[in-house]
Amino acid sequence: MSKPAPISFEFFPPKTPEGAKKLEQVRRELYALKPDFFSVTYGAGGSKQDGTLQTVQTILADGHRAAPHFSCISASAQSVRQQLQIFKDAGINRIVALRGDLPSGRGTFGESRYASDLVAFIRQETASHFHIEVGCYPEIHPQAKTAHADLQAYATKVKAGASSAITQHFYNTDAYFRFVDDALAMGADIPIVPGIMPIINSTQLMRFSNACGAEIPRWIRLRLQEFGDDTASIRTFSLDVVTDLCDQLLTAGAPGLHFYTMNQSVATTEIIKRLSLK
Ligand code: FAD
């Protein structure tokens, strides 16, 4: 099986007291796997920056590394500056810098139009204080004019000062390795860590993947549909598929794995165990 590799786990800030209680347990289970860092989303699903910061601070206080996601879509330069200071004061030195999306496509853009502008601004304001992660899209961002334009947008983020990248989830390793090769050919040579989405709820996965332009290969989609309510079969199949995906990625040289945990620990833990990573 795969060689040991850095792993990281993504959470979203809990929205209810029950969600917070559940995340507390999940965090403890995942701490045991000694990840490189945790990241906490911002704004996704209507969450607020306060919840992101609070969750990050809890993880830091527990003695683990944590990075807030931070998006600039409708932020002013002054509010970004203030937020960066809050992060610095909280002892945070890693950020996932994103453009984000306007809620339901409405609203107005802030002073940073693209993630590359945000990355450049963070570097200008805080020099090398933050390790800056950016997002990237092996299967092409849904709003990109062309695949090449999307790759160029990624290379611009790297040039602006990104330290490493995390991909949108995918189940097609060719798309990932093609993206890595193309990025390298453009001189964008930072580590590109695959974002791994364990299949926990197939309906939710289909909906989410459609929205963010990630393809569920036909053979996976049809199998999942055929299983219907047979959760045991879905679980077995999904764990096999995602473990194989991770194994292929690491064997072929991916620099680590970033798990979209959906605030759940069971599937992620099982995949890591099967890969003998910890
Ligand atoms: P950008 O890199 O700015 O790209 C956005 C679009 O603009 C792309 O189509 C790109 O091709 C195009 N583009 C970029 N630069 C230019 C240019 N100069 N000229 C023309 N076109 C350009 N969303 C959240 O709300 N909260 C989160 O916490 C969150 N976490 C994420 C974590 C990861 C790892 C990833 C991959 C995505 C995450 N997202 C999150 C989703 C993300 O905000 C959306 O995908 C968003 O639409 C794009 O963000 P970006 O940072 O990739 O944008």
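**Note on strand β8 and the ligand site**

1. In this predicted model, residue E10 has Y260 of strand β8 as its bridge partner. Strand β1, which covers residues 7-11, pairs with β8 in the parallel sense, and four bridges link the two.

2. Strand β7, residues 192-196, also runs parallel to β8, and two bridges join them. Here G195 stands opposite H258 of β8.

3. The side chains of β8, a strand of residues 257-260, alternate in direction: L257 and F259 point one way, whereas H258 and Y260 point the other way. Each of these residues is buried, whichever way it points.

4. Turning to the ligand, 21 residues surround it, and the closest are Y42, D101, Y137, D150 and K157. Sorted by class, this shell comprises ten nonpolar, seven polar and four charged residues.

5. Several side chains place a polar atom beside a ligand oxygen. For D101, an N or O atom of the side chain is 2.6 Å from an oxygen atom of the ligand. For H141, the distance from a polar side-chain atom to a ligand oxygen atom is 2.8 Å. For H69, an N or O atom of the side chain is 2.9 Å from an oxygen atom of the ligand.

6. On its own, the ligand has 970 Å² of accessible area, of which the protein covers 82%. Two or more residues of the surrounding shell come from each of the elements α5 (147-160) and β6 (164-169). Helix α5 gives the most, with three residues.

Technical notes. Residues are numbered from 1 along each chain as its sequence is written. This is a predicted model: local features need pLDDT of at least 70, side-chain atom pairs count only at pLDDT 80 or more; totals for chains, interfaces and linings use all residues. Side-chain values use heavy atoms; hydrogens and water are left out. A residue is near a molecule or strand if one of its heavy atoms lies within 4 Å of it. A polar contact is a pair of N or O atoms within 3.5 Å; within protein, one must be able to donate a hydrogen and the other to accept it, and residues adjacent in sequence count only if both atoms are side-chain atoms. Accessible areas come from the Shrake-Rupley method with a 1.4 Å probe; for residues, only the protein chains shown count as cover. Ala, Val, Leu, Ile, Met, Phe, Trp, Tyr, Cys and Pro count as nonpolar, Asp, Glu, Lys and Arg as charged, and the others, Gly among them, as polar. Buried means under 20% relative accessible area, exposed over 50%, partly exposed in between (1.4 Å probe, protein chains only). Two strands pair if DSSP finds at least two bridges between them.
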